[in-house]
Structures are given as structure tokens and as C-alpha cells.
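Work through the exercises below with the model open. Each task is followed by a solution in steps.

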Amino acid sequence: MWSAVSEYPLDDLPRLLMATHPTPQENATMTTTLARPAVPADADELLRLRVTALDGAQLTDDWRSTFRDDMRERLGADPSLLAYVVPADAHTLASCAIGIVYRGYRGPTHPSGLWGRIHTVSTDPAHRRRGHARAVTDALIEALKAAGCTLIELRATEAGAPLYRSLGFDPLDGFMTLRPGPEGWAR
């Protein structure tokens, strides 16, 4: 599976990033978790982990197939879609982080006009507390920075907030969204 990385070159983005971190069980011992770029063959596992992250949301078969097909089509081909994974074994993933590079407007504190959004960080429950979420998030942050992003944002769950704070993310008050409901746009 590792050889698949070379089949989907990301040109100017890191091909393989390592994150070193202490595990909760081994305060004095360092371990290394290897994160690699996701490839189209990971689409089914990315879907499984994405569903895990949504924790009970009612998802239709159409939503599932659309997500999986989008991952298959864009991973390694669309430089605005970045995803990193930690494999559990040859067929399953332990963890993933998925992000998007967006183009906005340029400004003094935002010279490139590019910003990144981390949409998903998910670890299979059987593989938690081993540093995998940190490894994939670190790798994704570095890839977003290498892609020219001068701002990276995410929406943190209560469980994920300590990790993101330890990586340097700060809360930003006032963030709001406007989305259509089941009946369409409310206004």
C-alpha cells in the first residue's frame, strides 16, 4: 500500500510526513506514527472514518456514494483536496485528516489569499490514544502550509479541542454558518 503513494504524485506537497509525540501510556518514551497522503484506493476507508466522525448523523446512501466517489476522483488529482492517513493494516485505516485549500482575497495578513480548512479528523475507536490523530493533523497542517495557506481553520469537537489547542489553534468567537434546511433556504 505504501508504494501507491508514488503512483499519485502531489508534486509540491510533502509525500510523507512523520509526527513524533509522547503517548499517554509512555510519558517518558517517544513513539513515531507515520502518516502518508491518502490515495483513491483509500476512499472506502475514508468514508468509514468520516461516518465515525459524524457520530450518529443520519446519512443517506446518496451522501455516502457521493463522498466516496468524490474522494476516488479527486485524491492525488486535485491539489485543493489534501488528506493524510495512518494505516491500521494493509486493508484498513486507523486515522485520517481531510482538508481543503480555498482561494479568498489577499490582504496584509493574508498575502496569498489561500486558506485551509480541516474538515475531518477521525480515528477508529480501536486505534485511539496512540497519537494517530496528531500524526495525520500534523501532516495535513504542513501540507496546507506548503500549498501556500496563510490561515488554517477547523471546527473542533469537545473531545478534539485539546489536541488542536496543543497544535497552536486558538478559538475564534463569532463564527456562524448559514445553510439550507430540509425545506431549502429559510430566507
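Helices and strands here are DSSP runs, numbered from the N terminus; a helix needs at least four residues and a strand at least two. The model is a predicted one.

**Exercise 1. Place Arg129 and describe its backbone and its accessibility.**

Solution.
- Step 1: location. Arg129 sits in the loop that joins β5 (114-123) to α4 (132-146).
- Step 2: backbone. Its phi is positive, about 65 degrees, although Arg129 is not a glycine.
- Step 3: accessibility. The cut-off for exposed is over 50% relative accessible area. Arg129 has 60% relative accessibility, so it counts as exposed.

**Exercise 2. Summarise the fold of the chain.**

Solution.
- Step 1: elements. The chain has 5 helices and 6 strands.
- Step 2: order. Along the sequence they follow the pattern α-β-β-α-α-β-β-β-α-β-α.
- Step 3: burial. Of the 187 residues in the chain, 38% are buried.
- Step 4: contacts. Take the contacts with a separation of 6 or more: 62% of them join residues 24 or more positions apart.

**Exercise 3. Find the aromatic pairs and classify Trp63–Phe67 and Tyr164–Phe169.**

Solution.
- Step 1: choose the descriptors. A pair of aromatic rings is described by the distance of the centres and the angle of the planes.
- Step 2: count. Searching the whole structure gives 3 aromatic pairs.
- Step 3: one of them is Trp63 with Phe67. Their centres are 5.6 Å apart, with 10 degrees between the planes. Planes under 30 degrees apart count as stacked, and this pair is stacked.
- Step 4: relate the pair to its helix. Trp63 and Phe67 are 4 residues apart in α3 (residues 61-74), so about one helical turn separates them.
- Step 5: compare burial. Trp63 is partly exposed because its relative accessibility is 28%. Phe67 has 14%, so it counts as buried.
- Step 6: turn to Tyr164 and Phe169. This pair is edge-to-face, at 6.2 Å centre to centre and 75 degrees between the planes. Both Tyr164 and Phe169 are buried.

**Exercise 4. Describe how α2 packs on α3.**

Solution.
- Step 1: choose the descriptors. Two packed helices are described by the angle between their axes and the distance between the axes.
- Step 2: read the geometry. The axes of α2 (residues 43-54) and α3 come within 9 Å and cross at roughly 130 degrees. Therefore α2 is oblique to α3.
- Step 3: handedness. The crossing of α2 and α3 is right-handed.
- Step 4: list the contact. From α2 come Ala43, Asp44, Leu46, Leu47, Arg50, Val51 and Leu54. From α3 come Trp63, Arg64, Phe67, Arg68, Met71 and Arg72.
- Step 5: sort by class. The contact of α2 with α3 holds 8 nonpolar and 5 charged residues, and no polar ones.

**Exercise 5. Characterise Ser65 and its spacing from Leu47.**

Solution.
- Step 1: location. Ser65 belongs to helix α3.
- Step 2: accessibility. Ser65 counts as partly exposed because its relative accessibility is 22%.
- Step 3: spacing. Ser65 and Leu47 are 18 residues apart along the chain, and 8.8 Å separates their C-alpha atoms.

Definitions and conventions: Residues numbered from 1 in each chain as written. Predicted model: local features only at pLDDT ≥ 70, side-chain atom pairs only at ≥ 80, totals over all residues. Heavy atoms only, no water. Buried < 20%, exposed > 50% of the residue type's maximum accessible area, 1.4 Å probe, protein only. Phe/Tyr/Trp six-rings, centres within 6.5 Å; stacked < 30°, edge-to-face > 60°. Axes fitted to C-alpha atoms, helices over the stretch in contact; angles between N-to-C directions. Parallel < 35°, antiparallel > 145°, perpendicular 65-115°, else oblique. Left-handed = near helix turned anticlockwise from the far one by under 90°. Contact = heavy atoms within 4.5 Å. Nonpolar A, V, L, I, M, F, W, Y, C, P; charged D, E, K, R; others polar.
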